[in-house]
Amino acid sequence: MNFRSRLHCLALFLALAASASAQVTTEPRQGLRENDPRTHALTNARIVTAPGKMIEKGTVLIRDGVIVEAGASVTPPPDARIWDLAGKTIYPGFIDAYSRVGLPETLQPEPLRREADEDNPDAKPKEIPREPVKGTHAWNPKVTPERKAADVLKLDKKQSRTLRELGFTSALVVPGRGIFRGTSALIDLQEADANTQVVAPLVAQHIAFDLNRGRAAGYPVSLMGCIALIRQTFLDAAWYQSAQEAYRKSPGGTTERPEANASLAALTEFAQRKQPAVFEAEDELDSLRALKIAEEFKLRPLLLGNGYEYRVRKSLNKTPVILSLAFPEVPEIEKPERALDYELHELQHWDRAPSNPALLAAEGVPIAFTTEGLEKPEKEFWKNLRLAVRRGLSKEAALAGLTTGPAEMFGVADRMGTIAPGRIANLVVASGDLFSEEGKVLTTWVDGHYYDTDLAGQRDARGTWEVAAKSGTLPLMVEGELEKPEAKLGGEKAALTVNDNAVLLVAPAKLFGKGEGALRLSGRIEGDTISGDGWSAKRTAAFTATKTEKPSPLDTALDFPETFPAGAFGRTALPEAPAAVLIQGATVWTSGPQGTLQNADLLVSGGRIAGVGPGLKAPA
């Protein structure tokens, strides 16, 4: 081989090595490093490519962190690692639409109460760490739109793993303090540095009605003040942009130089990028206030929900809503004295809250889900989402709220949210339908890297088997839950445990002619066969779930009329108003040329003043 040929081969090798990573990096590589082939074929699986779209048995081909093909007739290339996922279901990776993962403590939400040592009455409350103000900032410390979540991210392996084990492969990271909180970043939940994690560094500007509390607190201390500050800041940003442009165009510096203000400059850039503004609303009235502000300043609004949106769903004008699944706890009303502590509107909300996602979806409101607000997401998220499905939310809408919904809200629908060629290889492998009680998350794929849960290596030994031993053959029935199988050997109760591919069967010794007591049989399971020392088993029939879930009282909302406002004095509709109202014999201050009229009439029609003066008559 001549020098030119060797040089060509070296260039080809380097090109292949460079393509072996899903993210192109500028960091120099030092010393030994992994350069394994990253071509994977996930075969024989049921593939849900998008909400309502499914391939019953197909293959997903991944190369260098990107989906190359997905279909029923995909042929894996020779260099692909084959993953046989028969009986499994593949979903697009889920997106947590509002998260604090990876944020420093100074940008986590502040506690509502400052904790103190209860055993020491003289102890001062624990100080809350706050981020020091930097640079050319706004005059009010709660106005920090220049913050960028992407600038402060730090990998939190524990939080990332918790989200991945729920099926989340991406998360929108949002600063948690202030009125203008800053810009969120969309990240992939792989174990890597921030440069590799960030998918979109500037997604949305986040705004909250965040009041100062306490005697020594600064402005604003009321909701009115908070709304005034939001409006004034947007007006100031418009003035700032005009002042800067006028100064730049000023010949010879004849215009006074305006101040430098990073906060107002950030809002100017936000308006130019036409990004969404996400408003955090504490109740349904806050949602309506946010929409009024968005309308006034021509913003593209999204709402972080509070669970009360169903009360005003017809007034949301199909504004997308990010929903938490933190439903109210069951009220303690067994004792009359405790029942008196609850207002009617609280009991109504407890009953109606699980129906919130379904009611919004039925109204055509786009939704996305988040784990925000859940104390224990690993126990509550899927439990509450399945309850929402039983309350009327379709499985397709539920999946959209985890995939295509947030992808469209955050402007990344061309890269994630579906399983299609060219999409990032973010996938969820489940044991079955995740929106039923049987489905479990087994593996998540993030940027083409796989992360197994504790259930991933567990073999499913359920079904009908024929056990062969020296004493003869016996039928073995294995049913129950995947994690806790229930076994009967020859009609006698037995114990079966499966750890990875290791099987331990404990059965009555008399079944094998060994007298009293129990006999321990160990072996290894591979597919439909179990091989052990002196015994073996072959599966003769697959397991068919016959368990039917008992209906829960929570599965159906109570049948009571919806009123506004909620509670004892609400109305089911607007009160009937007459077409015209005539007020006779009154003193009328017109504030106009007519001055003050004595013993005059006032006619109101269609909500407007139709006439003022003596001798008016009401229309027929």
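Two strands count as paired if DSSP finds at least two bridges between them. With that in hand, a small example from this predicted model is easy to follow: Val581 has Val604, a residue of β28, as its bridge partner. The two strands involved here are β27 and β28, the latter covering residues 596–605, and they pair in the antiparallel sense over seven bridges.

Zooming out from that pair, β27 and β28 belong to an open sheet of three strands, lined up in the order β27-β28-β29, with antiparallel pairing. The edges of this sheet are β27 (580–589) and β29 (608–613), each of which pairs on one side only. Going from one strand to the next, the twist averages 25°. As for what holds such an arrangement together, strands of a sheet pair through backbone hydrogen bonds, and they can do it either parallel or antiparallel.

Now for a helix. Helix α2 spans residues 157–165, and Ser160, Leu163 and Arg164 are buried in it. These three sit on the same side of α2, because they cover an arc of only 100° around the axis. And what do the buried residues of α2 pack against? Their partners are strands: β6 (94–99), β7 (168–173), β17 (441–446) and β18 (449–452).

The two ends of α2 have their own details. At the start of the helix, Asp156 brings a side-chain oxygen to within 3.2 Å of the backbone nitrogen of Lys158. At the other end, just after α2, comes Gly167, which takes a positive phi of about 105°.

Technical notes: Residues are numbered from 1 along each chain as its sequence is written. This is a predicted model: local features need pLDDT of at least 70, side-chain atom pairs count only at pLDDT 80 or more; totals for chains, interfaces and linings use all residues. Side-chain values use heavy atoms; hydrogens and water are left out. Buried means under 20% relative accessible area, exposed over 50%, partly exposed in between (1.4 Å probe, protein chains only). Helices (H or I, at least four residues) and strands (E, at least two) are DSSP runs, numbered from the N terminus. The arc is that of the directions from the helix axis to the C-beta atoms. Contact means heavy atoms within 4.5 Å. A polar contact is a pair of N or O atoms within 3.5 Å; within protein, one must be able to donate a hydrogen and the other to accept it, and residues adjacent in sequence count only if both atoms are side-chain atoms. Axes are lines fitted to C-alpha atoms, for helices over the stretch in contact, and angles run from 0 to 180 degrees between N-to-C directions.
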